[in-house]
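Got the viewer open? Let's take a walk through this structure together, one selection at a time.

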Amino acid sequence: LVQAKLEYALRVARTATSLRNVAASDAGLHIDSTLTGPMLVDSIPVEVTAHDLGEQLNINQLTEQDFQAFFSFLTKDYSLSTKLAQSIMDWRDADSLPRPSGAERDDYLQAGMLALPTNASFRDVEDLRNVMGMTPEVFAAAEPYLTTRGQGLVNLNTAPVPVLRALPGITDAAINTILQYRSQGR
């Protein structure tokens with residue numbers, strides 16, 4: 001029900017007023033932490049889990065440096081993270097000029113890959129599987145922290161460490177401070 005309301009607001013009635021009306025009709029749209037529990041849908045109990053989108057990184061809004069920091073933290077391999085970051089940016093950008101470690105249409109054709117760069121935003125996180133250099137292992141490690149939804153704002157109160165690490169200017173010391181504040185309920 002929440003998803004249907006959001007999709008309607010975002011696809012059909014894109015005005016700020018309609019978004020406010022949808023938000024006002026459902027308190028669950030502004031959660032800032034995980035919400036779980038049963039919900040009755042036509043008298044049938046349904047288990048609901050809603051997560052704050054601020055716990056994930058929007059892959060359509062990250063910069064090359066953000067991807068570099070994220071994949072460096074996950075893989076501990078700077079060379080691989082550079083290749084992935086540049087290949088992802090080449091997939092998204094409108095031009096056909098590959099970055100030094102990236103890949104564009106011709107590179108995918110030469111490699112015999114079935115999917116070609118869309119030169120547009122990702123429709124789903126699953127589309128990352130088609131990016132040159134992405135392995136099933138790296139995708140499995142990265143997927144829980146990524147989304148294509150939301151405004152790309154990270155909630156420092158709920159975001160996991162790999163998400164925090166991708167933020168510009170965030171150091172290990174800053175992450176430790178954030179985690180310490182969280183443990184104190186601040």
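How many helices and strands make up the secondary structure of the chain? Colour by secondary structure and you should find eight helices and four strands. Bear in mind as you look around that this is a predicted model.

**The whole chain**

Start with everything selected. Going from the N terminus, the elements come in the order α-α-β-β-β-α-α-α-α-β-α-α. The chain has 186 residues, and 33% of them count as buried. Switch on a surface if you like: the accessible surface comes to about 11300 Å², and carbon and sulfur atoms account for 55% of that. What about contacts along the chain? Take those between residues at least 6 apart in sequence: 50% of them join residues at least 24 apart.

**Stop one: helix 3 and helix 4**

Now select residues 64–75, which is helix 3, and add residues 78–92 for helix 4. Two packed helices are described by the angle between their axes and the distance between the axes. For this pair, the axes come within 8 Å and cross at roughly 140°. The crossing of helix 3 past helix 4 is right-handed.

Show side chains to see who meets whom. On the helix 3 side, the residues are Glu 64, Phe 67, Gln 68, Phe 71, Ser 72 and Thr 75. Facing them from helix 4 are, among others, Tyr 78, Leu 80, Leu 84, Ile 88, Met 89 and Arg 92. Try colouring this contact by residue type: you get eight nonpolar residues, six polar ones and two charged ones.

**Stop two: Gln 68**

Stay in helix 3 and pick out Gln 68. Is Gln 68 buried or exposed? Its relative accessible area is 12%, below the 20% cut-off, so Gln 68 counts as buried. Zoom in on the end of its side chain. There is a polar contact with the side chain of Ser 81, at 2.6 Å, and another with the side chain of Thr 82, at 2.9 Å. If you select what Gln 68 touches, leaving out neighbours within four places in sequence, you'll get Tyr 78, Ser 81, Thr 82 and Ala 85.

Next, click on Gln 65, also in helix 3. This glutamine is exposed, because its relative accessibility of 56% is over the 50% cut-off. Try the distance tool here: from the C-alpha of Gln 65 to the C-alpha of Ala 85 is 7.5 Å, although the two residues sit 20 apart along the chain.

**Stop three: Gln 86**

Hop across to helix 4 and select Gln 86. With a relative accessible area of 9%, Gln 86 is buried. Which residues does Gln 86 touch, not counting those up to four places away in sequence? Highlight Glu 64, Arg 99, Pro 100, Ser 101 and Gly 102. You have already met Glu 64, one of the helix 3 residues in the contact with helix 4.

**Stop four: Asp 95 and Asn 119**

Carry on past helix 4 into the loop that leads to helix 5, and select Asp 95. Asp 95 is partly exposed, at 34% relative accessible area. Follow its side chain and you'll see that it reaches the backbone nitrogen of Leu 97 at 3.1 Å. Leaving aside residues up to four places away in sequence, Asp 95 touches Glu 104 and Asn 119.

Add Asn 119 to your selection. Where is Asn 119? Look in the loop between helix 5 (105–110) and helix 6 (136–142). Asp 95 and Asn 119 are 24 residues apart in sequence, yet their C-alpha atoms are 7.1 Å apart. Asn 119 counts as partly exposed, at 30% relative accessibility. Check its backbone too: phi is near 55°, a positive value in a residue other than glycine.

**Last stop: Ser 43**

For one more positive phi, go to Ser 43, where the angle is about 70° and the residue is again not a glycine. Look for Ser 43 in the loop between strand 1 (35–41) and strand 2 (44–50). Is Ser 43 buried or exposed? Ser 43 is exposed, with a relative accessible area of 69%.

Terms used: Residues are numbered from 1 along each chain as its sequence is written. This is a predicted model: local features need pLDDT of at least 70, side-chain atom pairs count only at pLDDT 80 or more; totals for chains, interfaces and linings use all residues. Side-chain values use heavy atoms; hydrogens and water are left out. Helices (H or I, at least four residues) and strands (E, at least two) are DSSP runs, numbered from the N terminus. Buried means under 20% relative accessible area, exposed over 50%, partly exposed in between (1.4 Å probe, protein chains only). A polar contact is a pair of N or O atoms within 3.5 Å; within protein, one must be able to donate a hydrogen and the other to accept it, and residues adjacent in sequence count only if both atoms are side-chain atoms. Contact means heavy atoms within 4.5 Å. Axes are lines fitted to C-alpha atoms, for helices over the stretch in contact, and angles run from 0 to 180 degrees between N-to-C directions. A crossing is left-handed if the near helix is turned anticlockwise from the far one by less than a right angle, and right-handed if clockwise. Ala, Val, Leu, Ile, Met, Phe, Trp, Tyr, Cys and Pro count as nonpolar, Asp, Glu, Lys and Arg as charged, and the others, Gly among them, as polar. Accessible areas come from the Shrake-Rupley method with a 1.4 Å probe; for residues, only the protein chains shown count as cover.
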